[in-house]
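Me: I've got a model open and want to learn how to read its features. Can you walk me through it?

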Amino acid sequence: MSTSRPGAPVRWRLSDKDKKKILTLAGDLPALWNAPTTTNSDKKRILRLLIQEVVLSPVDVPKRATRIRILWKTGAITELQTPRPTFSESRRTSPQVIAKIRKLARKHYCDSQIAEELNRRGLKSGLRHTFTNRLVAGIRKREGIRAGRTAGGFSIRAPERDEQGLYSVRGLIAHFGVTAPMVHYWVHRGLITPVHSRTPMHKWNKEPFWFEMTPELEALLARAREQGYAPGKPPHHRGHSHHPRPPARLPDGRYSTRGLVEKYGVTWDTVRYWIKKGILTPERALPKGNFCFRLTHEVEQLIQAALARKRTSRRPTQHHHHHIHSR
């Protein structure tokens, strides 16, 4: 109840029951504040009900700080003091975030996984940015935190065969002794075509190749077997006792890599460069999987042009050296 004369401020007389309710509400305030249903807007309204004024004062001695003076609606005053960071310190990532990065790295999380976890927790960098793998890597380097692992470092290996009986590259290597470059070469040349597997896969970095045992693949594997490829046979031992060194030129007129080296007086690296540039088209028809090449008139012209460019590019250098020595 309230007792007051007209025109005078209203004064409330609290009963023991009212006082008990207020004390109960005060005890429930932390629970209300931390309840998941309490929004930031609700918290602001609560503060406006409780606080009359807040005064901030900078302090420089003995340390940079900010003094906070709170005047409550009841007339009580609370004073607090908190460190006041410099401009550069305010842009640094917090020690709590750095500690979290260190902890996750010790659990062998890669940088992208660490970034995902920090963002999931709503944490921000010193500049209030969300985390990326590059940002995490930069913080680790600056703080001397070792990498948990590289992305994909523990990726799941594709099985040799799936539930449909399809072979992965790993399966072809294990069952038939071929090499991964050979299989990729067959795919690149269009000799075989990968198919999709209907078997549920885990988190692959990229979908692996799967192959059905078609007549085309059987023929390629049979040819590889003739060239000395077999399961469990090291590549550098395949066919050494059965296949002599490939000839410079085959009976059908095609050249081996050795034949091109001898014909044009170039190095093996030059032949590989010509393959890379599309001047030569390799055909794998020699023992031990060696390449052979069909020299058509057009290919001959491309090779001669490449040799001419090489000679032209060398001339200024040779003339320059001659000019120096002449002095």
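Me: At what angle do helix H5 and helix H6 pack?

Reply: Axes are lines fitted to C-alpha atoms, for helices over the stretch in contact, and angles run from 0 to 180 degrees between N-to-C directions. Helices are DSSP runs (H or I, at least four residues), strands likewise (E, at least two), numbered from the N terminus. In this predicted model, local features need pLDDT of at least 70, side-chain atom pairs count only at pLDDT 80 or more, and totals for chains, interfaces and linings use all residues. Here H5 (residues 111-120) and H6 (residues 133-143) pack at about 105 degrees, axes 8 Å apart. So H5 and H6 are roughly perpendicular (the class for 65 to 115 degrees).

Me: Which residues of H5 and H6 make the contact?

Reply: Contact means heavy atoms within 4.5 Å. H5 brings Asp111, Ser112, Ile114, Ala115 and Leu118, while H6 offers Asn133, Val136, Ala137 and Arg140. Residues are numbered from 1 along each chain as its sequence is written, and side-chain values use heavy atoms, leaving out hydrogens and water.

Me: And the strands: in which sense do S1 and S2 pair?

Reply: Two strands pair if DSSP finds at least two bridges between them. S1 (residues 51-59) and S2 (residues 65-72) are antiparallel, with eight bridges, and a five-residue hairpin joins them. S2 also runs antiparallel to S3 (residues 77-83), over seven bridges.

Me: What stands opposite isoleucine 70 in S3?

Reply: Threonine 78. On the S1 side, isoleucine 70 is the bridge partner of valine 54. In the S2-S3 hairpin, with four residues between the strands, glycine 75 takes a positive phi near 100 degrees.

Note on methods: Parallel < 35°, antiparallel > 145°, perpendicular 65-115°, else oblique.
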